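Subject: Structure handover

Hello,

Here is the structure you are taking over. My notes on what was found in it follow below.

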Amino acid sequence: MSRSVHVLLFYFVAHLGLIFFIYPEDIIACAEEGHWVPILVGFAVHVFFLWLFVKGLSLGGNRDMVSLYLGLGKAPAVLLLLPVFVYYAMVDVITVRAYSEIVSIVFLEKTPLWAVMALLFLIPVWLANVGIRPIFYATALVAIVCLPLFLFIFAASFQSVDWRYFFPLFDRHYDFLWDSSFYKSFFAFAGVFLFLGFVQPYFTFRIRGLMWASVLLVPFFLFSVYIPVLTFGEATASNFHYPFVVTLDTLQINWLMFERVTVFFLMSLLTFVMLLVALVLWQSVELAVRFFPRMNRGWTLLVLSAIVFGCCLRIRSWHDIELLFMWNTWIRAYIMLVVPATVYWIGRRAKKEPDYESISTNS
Amino acid sequence: MRVYLRILKLAAALGLTVAAGTGCWDYKDINHRSLPVVLGLQTEEEGYRVFLKLPEPKEEGTDVKVVSAAGHTITKAIDQMAMNLESEVDLLHLKIILVHVNLAQMGMGDVFEFFMRARDISPKALVVICDEELDPFFRKIGQRADPNVSNLFDFFEKNAGWSPQIALSRVWQVYRSVHSYTRDVVVPIIRSGSRTTIEHVGSAVIRNGRMVGRISPDETLLFNVFNGENGQGKIEVMKNASVMISGTRVTRRGWMDGGTPRLDATLNLSVDLIELKEEMTEDQVMRQLSEQFKSRFDRLFEQVRKEKADIFAFGQDFRRCIPRERLRDWREEDYGRLKVEFRTRVAIENDGYIKTKQK
């Protein structure tokens, strides 16, 4: 197996983990009809900046993102990457907190939330501690076990769709561009792709393969929203938290020995999310250590995890998570737009100056 | 030394996981849980009275016991019962929700919102309306019932007692009808029978979560057929012939003719001949059968249109041609003016061992 496969697999699987929970709710909230327009608009934005990002990386000589930024000098690099660090911390807090909330809603309703969060967080911390290679190998292993299960349940979720709910096809107003929910939905895109800027010395990947992997995600983005809409209709689906999970609960598969497939679906996606959290933690530590080489990896990770977990415990209600989502909209825009653009710019510059490479390897 | 440290770390991580994984804080043995299969619900002066049919394990087999409590809200009543029972009530395996007819007529929007919101109640549970007071109903079926089987549940099971003229509507479908613009459901009505334990008396038409009318079992078959359930096994009796339905398929197309919505619906029916009287020919049987279905459909459609309930989900076919703002008032506005052209095409698949005349 070429090493590229691991990277693409992680990209694919981590997105799957993010798509099916909060994303459908946001998209359904932002448009009353013609949901495919906001989905595809969001996706096009993502793919364009993803391409810009990886193109910049490859122009910059296939080095990791941090050394590219360091070519600008230490102070600008710290300034430019500080939002990334903050965003990563927020991603950790939000995903751990939100997903443990989902777990407690769906099947562990009496378990205290801190215990669910601890479980959901300890494993990623441990994974982040062992490094990036084990994370990717674990991804491959988990994908072999969980992807077939996931695909089966995904296929089964078409059980009671009524295709006529697909109409009206067009939204006449295109109000979604002014709706904050639409910008919240970018959470599903922004959390993952930056890892491509960190994998380079360890793993390689091909741009074309990555683009195919993202195209492969389109049906999942579309149907995560459309399956609830086609099953319930927009008027009903807009009442739900986690519309996709509710739809899964209505599945009737008599010959399956398990009555609630939702739990299996959730568990397989949860493992994907744990891998994502692990990698995000690892990246945060990497950022910190690269800028301040005197810091010890283990301790940095420990302190960071303690802070993140403390934040998770501080959040008392779902409403607070929504607020957090709103607040980090701006940082998210920075991650999605500014970071790829600057990486592309730096990459272009690096290509033009042949001596640039020697400078950066010294630093 | 480093190896020991690593093993220690690993052991600590695993130990923590195992400790957390047992979930000791909410563990309750299965024999300390009551898993009701049927939940009955009726209104009282202040709030609801909730009935739970609980299986009770005995030395040989199981017994059934029905408990009830009243409360301002459903959860209050359930809580009351859980307090008085020696085990915890766990609604995870609830299969049937039995609603008294009065409550259904008053409107069940709030009730179904609760059922959808409640994490432990499955949205797949069947909704059934009971035509008599729940207390005597449970008493009667309790006397008759074989304690080893859950009659009420088997009655609606596709691989047991279900037949095609019984509607199957689930909690999520009723909830959908509360909010959807263009879609309503019907829910079966039962009462305790004189000979059999349960008697199916037809279905209730539910519009926006409220019962607005009743239809007969034969009409329910039409509803089922329109919703993609094939009516296989149902016997259709005419004046001098009877046939068994072996397959059904409905094709439909809606369009706007100027300002009036129009819809073509064709029911393709395959039947097996069973009984014939007075030298009937196949052609006559086919004609009689399609006339019978047509008049039944026309009558039913007239009725539900008066009740403004779109149980055939005809509005769905107009999603293409009517903008959403107008669709919102579909039941009040366009549905009333809808013209449906209903046709039946009958094909006789076989006529058993005896030859029949074609014409």
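L281(A) is a useful place to start: leaving out residues up to four places away in sequence, L281(A) touches D92(A), P124(A), V125(A), A128(A), L301(A), L304(A) and S305(A). Please keep in mind throughout that this is a predicted model.

L281(A) is also among the residues with the most contacts inside the largest nonpolar core, together with A14(A), F53(A), L276(A) and A278(A). That core has 116 residues. Its main contributor is helix α13 of chain A, residues 261-291, which gives 16 residues. Another core lies apart from it and has 77 residues, including I206(B), I215(B), V271(B) and F293(B).

Two helices of chain A

Helix α6(A) contains three of the contacts of L281(A) as buried residues: P124(A), V125(A) and A128(A). Also buried in α6(A) are V116(A), M117(A), L119(A), L120(A), F121(A), W126(A) and L127(A). With 18 residues, α6(A) reaches 26 Å from its first C-alpha to its last, close to the 26 Å expected at 1.5 Å a residue. Just after this helix, G131(A) takes a positive phi of about 115°.

Helix α16 of chain A covers residues 329-352. Its 24 residues reach 34 Å from first C-alpha to last, close to the 34 Å expected at 1.5 Å a residue. Even so, α16(A) has a kink of about 30°, centred on I335(A). I335(A) is buried, and the buried residues of α16(A) also include R332(A), M336(A), V339(A), P340(A), T342(A) and V343(A). Further along, Y344(A), I346(A), G347(A) and A350(A) are buried as well. As background for reading such a list, an α-helix has 3.6 residues a turn, so residues three or four places apart point the same way.

Where the chains meet

How many residues are in contact between chain A and chain B? On chain A there are 24, and they are in contact with 25 residues of chain B. Helices α6 (113-130) and α11 (234-237) of chain A each supply at least two residues of the side that touches chain B. The most comes from α6(A), with 5 residues. By class, this side of chain A has 11 nonpolar, 6 polar and 7 charged residues.

The two domains of chain B

Chain B is divided into domain 1, residues 30-215, and domain 2, residues 230-359. Their C-alpha centres lie 31 Å apart. Between them, 14 residues of domain 1 are in contact with 18 residues of domain 2. On the domain 1 side, strands β8 (185-192), β9 (198-207) and β10 (210-215) of chain B each supply at least two of the residues that touch domain 2. The largest share, 3 residues, comes from β10(B). The residues of this side divide into 7 nonpolar, 4 polar and 3 charged.

One residue in strand β8 of chain B is R191(B). Is R191(B) buried, exposed or partly exposed? R191(B) has 18 other C-beta atoms within 10 Å, and 20 or more would be needed to call a residue buried, while 12 or fewer would make it exposed. R191(B) is therefore partly exposed. Beyond its neighbours within four places in sequence, R191(B) is in contact with C130(B), D131(B), E132(B), F137(B), E199(B) and V201(B). The C-alpha atoms of R191(B) and R328(B) are separated by 36 Å, and these residues are 137 places apart along the chain.

Regards

Conventions: Residues numbered from 1 in each chain as written. Chains lettered and ligands numbered in written order. Predicted model: local features only at pLDDT ≥ 70, side-chain atom pairs only at ≥ 80, totals over all residues. Core = buried A, V, L, I, M, F, W, Y, C linked by C-beta atoms within 7 Å. Helix = DSSP H or I, 4+ residues; strand = E, 2+ residues; numbered from the N terminus. Contact = placed C-beta atoms within 7 Å. Nonpolar A, V, L, I, M, F, W, Y, C, P; charged D, E, K, R; others polar. Expected span 1.5 Å × (residues − 1). Bend = angle between axes of the 7 residues up to and from the residue. Domains from an automatic or database assignment.
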